[in-house]
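Subject: Structure handover

Hello,

I am passing a structure on to you, with notes on what I found in it. Please open it alongside this email.

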Amino acid sequence: MSFLFCLISTEKKSNQSPIASKYAETRLQDLASRLRQRTAHYKKRLEEGDLSSPEASPKAGPLLQPEEDEANREEEHYCDMMCCKFKKVPLKEYLKKMKLPTSIDSQTDVSYVLWLLLVIVAYNWNCWFIPMRLAFPYQTPKNMRYWLITDIICDIIYLSDLLIVQPRLEFLRQGNKIVKPKEMKEHYRTSTKFKMDLVSIIPFDALYLIFGFNPVFRTNRTLKYITFFEFNDRLESRMDNAYIYRVIRTTGYLLFVLHVNACIYSLASDYEGIGSTKWVYDGKGNRYLRCYYWAVRTLITIGGLPEPQNTFEIIFQLLNFFSGVFVFSSLIGQMRDVIGSATANKNHFRASMDNAITYMNTYSIPKIIQNRVRIWYKYTWDSQRILDESEFLEHLPTKMRLAIAINVNFNIVNNIDLFKGCDTQMIYDILLKLKSSVYLPGDFVCKKGEIGREMYIIKQGEVQVLGGPDDTKVLVTLKAGAVFGEISLLAKGGGNRRTANVVAHGFANLFILDKKTLSGILVHYPDSEKLLMQKAKLLLKQKAKPSEAPPPVKGFALLFPPKEETPKMLKALLGGSGKASLSRLLRLKKELAAQVKEQKIEGIENQGKEPAEKPLNMPKCNVREEEVSKPITKAVLSRENPKSSLIITMTPSSNAEEEILTVEMKEKAK
């Protein structure tokens, strides 16, 4: 039997082996084809520069289709509320967005000012409503939950400011800004502000459980006053017109003092008994408005109040009068200071204008000049709200003045052709020395012929350059950003006179740079000085005065061409020009005629005799020194040579600008 079983098992194995080998071969072929596909795919991705894997990571459980997976993913962040769906943002994303910086700059960070505004809202809630809830019956069991919710929100704001915001504030230590978290926390914990904030957040509200809901247990919330004054400083430093907020704040102080006084009067009326005397609140009408009206009339000492009936009322009224006089006078003085500081510049402007008018009236200045002075003051104030810009800039450090000057005037000065390529630091020094000046319509900025000592840059307005025979023709109109008079800054040896009149066309605001200031700056920049001198020479050539146009041809001049000018070489030979040279030619002609006449007389007397010929004492002369072989003698014919002729020729030289003059003596033909 065992033999048969082994035989059967061997037969089964022999029958199953071809099937197993065929299955394995099929699987191996399938695996090889997949590997080839994978290799080809990665080769293609490598050529395209994308090495991301095309296969998804294996996941446990059943696989989902991509569309279904995305749909489920989106459904996770939506919640059904009634008939609508609202998308919910995950908590992690909220925390990432709400992540606070490690340090906060309290001087420049706007978000910190906004946070202080939120803290001040909570602070004012406690300051205004704690005494009101204590003195007036506005806190009842029915609305208690609303008061508690608001108090809890204010406490959360206080606690967040204490634990999160204030320990992150940067501070200065010996001029260095400290931004390390540990040092910032230590600095806050050792400050008086931390102590007051800590006391203001102590939860005395827990005593509600013992004594009931009494607002007096929240009085410590009003101790966060340091944050209130800090908010005022930060807000005023960022406002353009800070005096507006100061007026509003002072008015708020007055209203708050009246509010506290009304609450104290209501408590005094409860102590005496409502309607018990004529002096206390009689229980009619709106209690808060009646008490507030009484507080206003008492603190401002208007009078007309009921007389106090007993000792308590008399003492209370006297204290109220004294405190009212002190508080009200202090607030009025503070309001006067606020308004005075807001109008300080305008008052200075009016005082300066009044002094100028008084001076002109004292010396009987003509009304035309007085009106122009008034116009100048009015325009200067309206355009820049200050008479002299250097008054407030001189109190700033040099670096801050330079930063302001760069933002205002750097583009104008840098675009001037004269200063292009110069040292940037030299341009910065020039910016600090520019002076602003306002010109009225028709004012002469500079006049023709005067010594030029300044360069002008047009900041605002227009100027006109006048010329022509009577200096009334407008040659060109220069607008904002243009520059004129720059040549006068560098010209030397009398070449710095103005060549035209420049008049303001309308109101013009100009920057002025004088020659002395520029010379003092260039001492420290020798390379820039050389460059400026080279540019000044080029500009002088470019802006040289053009040749005047020839006068119009009239009359018989149209029929006859103009006479050619005598050659320069001939003028040089004759030793003069104009009438002197003409008289010399006439004298030479007379001498020649006299010599001929004398020779004729001598010929008659001495007939048959051959006169001895002598060469004329006039060698060939050439104007060019290298061609002159003998010195030039006086051009006068010898009396002993009447049969010779004088030949003068002009030949061009190799240099086109010069000509060669040749004088020869030639014997006449017999």
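How many bridges join strand β5 (residues 435-439) to β10, and do the two run parallel or antiparallel? Five bridges join them, and the strands run antiparallel. Please keep in mind throughout that this is a predicted model.

Strand β10

Strand β10 covers residues 501-514. Within its pairing with β5, V438 has N509 as its bridge partner. Strand β6 (residues 444-446) also pairs with β10 in the antiparallel sense, over two bridges. There, F444 is matched with V503 of β10. A further partner is β7, which is antiparallel to β10 and joined to it by eleven bridges. In that pairing V465 stands opposite V502.

Is β10 largely enclosed or largely open? Ten of its 14 residues are buried, so the strand is largely enclosed by the rest of the structure. Buried here means a relative accessible area under 20%.

The hairpin of β7 and β8

Strand β7 (residues 454-467) has another antiparallel partner in β8 (residues 473-478), with five bridges between them. One of the facing pairs is V463 of β7 with L478 of β8. Five residues lie between the two strands of this hairpin, and G468 takes a positive phi near 95° there.

Two residues with positive phi

Most residues other than glycine have a negative phi. Two residues are worth a look against that background. Q174 is not a glycine, yet its phi is positive, at about 55°. Its place is the loop between β3 (171-173) and β4 (176-178). With a relative accessible area of 80%, Q174 is exposed.

S364, also not a glycine, has a positive phi of about 55°. This residue sits in the loop between α13 (344-362) and α14 (367-384). S364 is exposed as well, with a relative accessible area of 63%.

Annotated transmembrane regions

The UniProt entry, which is unreviewed, lists residues 112-134, 146-165, 198-217, 247-268 and 314-332 under "transmembrane region". I can describe two of these spans in the model. Residues 112-134 are 100% helix and 0% strand, and the C-alpha atoms at the ends of the span lie 33 Å apart. Residues 247-268 are likewise 100% helix and 0% strand, with 32 Å between the end C-alpha atoms.

Regards

Note on methods:
Residues numbered from 1 in each chain as written. Predicted model: local features only at pLDDT ≥ 70, side-chain atom pairs only at ≥ 80, totals over all residues. Heavy atoms only, no water. Pairing = 2+ DSSP bridges. Helix = DSSP H or I, 4+ residues; strand = E, 2+ residues; numbered from the N terminus. UniProt positions renumbered as here; feature names shortened; annotations may be inferred. Buried < 20%, exposed > 50% of the residue type's maximum accessible area, 1.4 Å probe, protein only.
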